[in-house]
Amino acid sequence: MLTPEELQAELDGIPDPPDVSDLLDGSGVVETFNNVPCDQIDCEYVAGLLDQVQTWLDDAKDRMTELDDYTTRDDLERIRNEAQLGQRDGEQAGDDEAASAYQAIVDAANDKLQLANDRYNELAPQRSVEAETKGLLQSTHTHCCVESRWYHNYIN
């Protein structure tokens, strides 16, 4: 069994979970096009917004996958499990100092896992909002920039 110092050194070598603060501001697309007549819609602008939202959604999906992968890291789980065993052994041997040192490692590993879960949960609602925005932009673009132009070209 590794000592608390060795386990702590291994734990320190594991980076914190991926940051999501850059994505929590969203894509910046908050404009709505409900009830705006098609002749007032700038199709290139809407297409650009749609690209922006799609890029954000792709980035958010990748980050959420990274966070999900982080919570199942074998090395982090192994360190936590070994520290739990060390804590139990220390308690059984009456070595409060060792038990406390191992408990601190368990807590630190749990903190990293909790941070990954918290970041995932922060990002998930924003991703839903952006997906709704994408749907609105797509329907506006399809109706005003694809179907209306096709109809206009068809009757002329």
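**Exercise 1. The negative patch**

Find the residues that form a patch of negative charge on the surface of this predicted model, and say which elements supply two or more of them.

*Solution.*
Step 1. List the members: E5, E6, E91, D95, D96 and E97 gather in the negative surface patch.
Step 2. Assign elements. Those giving two or more residues to the patch are α1 (4–12) and α5 (96–155).
Step 3. Check one member. D96 sits in helix α5. Its relative accessible area is 61%. The cut-off for exposed is over 50%, so D96 is exposed.

**Exercise 2. The two sides of α1**

Sort residues of helix α1 into buried and exposed, then decide how the buried ones are arranged around the axis.

*Solution.*
Step 1. Pick out the buried residues of α1: P4, L7 and L11.
Step 2. Look down the helix axis. The buried residues fall within an arc of 65°, so they line one face of α1.
Step 3. Turn to the other side of α1. There E5, A9 and D12 are exposed.
Step 4. Link back to Exercise 1: E5 also belongs to the negative patch.

**Exercise 3. A salt bridge between helices**

Describe the salt bridge between R78 and E10, and work out which parts of the chain the pair ties together.

*Solution.*
Step 1. Take the distance. The side chains of R78 and E10 meet at 2.2 Å, N to O. A salt bridge needs the nitrogen within 4 Å of the carboxyl oxygen, so the pair qualifies.
Step 2. Place the partners. R78 lies in helix α4 (residues 74–92), and E10 in helix α1.
Step 3. Draw the conclusion. The two residues are 68 residues apart in sequence, so their bridge ties together distant parts of the sequence.
Step 4. Add the surroundings. R78 is partly exposed at 36% relative accessibility. E10 is partly exposed as well, at 30%.
Step 5. Widen the view. E10, R78 and E82 are linked in a network of salt bridges.

**Exercise 4. Two more pairs**

How many salt bridges does the structure hold? Examine the pairs D75–R73 and E77–R80 among them.

*Solution.*
Step 1. Count: the structure holds seven salt bridges.
Step 2. Recall the principle: side chains of opposite charge can pair when their charged atoms come close.
Step 3. Take D75 and R73. Their side chains form a salt bridge of 2.7 Å, N to O. D75 is partly exposed at 28% relative accessibility. R73 is partly exposed at 25%.
Step 4. Take E77 and R80. Their closest N and O atoms are 2.8 Å apart. The two residues are three apart in helix α4, so about one helical turn separates them.
Step 5. Compare their cover. E77 is partly exposed, with a relative accessible area of 28%. R80 is at 17%. Buried means under 20%, so R80 counts as buried.

**Exercise 5. Overall plan and a buried contact**

Give the secondary-structure pattern of the protein, then place V53 in it and find its separation from E130.

*Solution.*
Step 1. Count elements: there are five helices and zero strands.
Step 2. Read along the sequence: the pattern is α-α-α-α-α.
Step 3. Place V53: it lies in helix α3 (residues 43–70). At 0% relative accessibility, V53 is buried.
Step 4. Compare sequence with space. V53 and E130 are 77 residues apart in sequence. Their C-alpha atoms are 6.6 Å apart in space.
Step 5. Set V53 against the whole chain: 33% of the 156 residues count as buried.

Definitions and conventions:
Residues are numbered from 1 along each chain as its sequence is written. This is a predicted model: local features need pLDDT of at least 70, side-chain atom pairs count only at pLDDT 80 or more; totals for chains, interfaces and linings use all residues. Side-chain values use heavy atoms; hydrogens and water are left out. Patches are made of residues with over 30% relative accessible area and no salt bridge: like charges are joined within 9 Å, nonpolar side chains (Val, Leu, Ile, Met, Phe, Trp, Tyr) within 5 Å. Accessible areas come from the Shrake-Rupley method with a 1.4 Å probe; for residues, only the protein chains shown count as cover. Lys and Arg count as positive and Asp and Glu as negative; His and the chain ends are not counted. The place of a charge is taken as NZ of Lys, CZ of Arg, CG of Asp or CD of Glu. Helices (H or I, at least four residues) and strands (E, at least two) are DSSP runs, numbered from the N terminus. Buried means under 20% relative accessible area, exposed over 50%, partly exposed in between (1.4 Å probe, protein chains only). The arc is that of the directions from the helix axis to the C-beta atoms.
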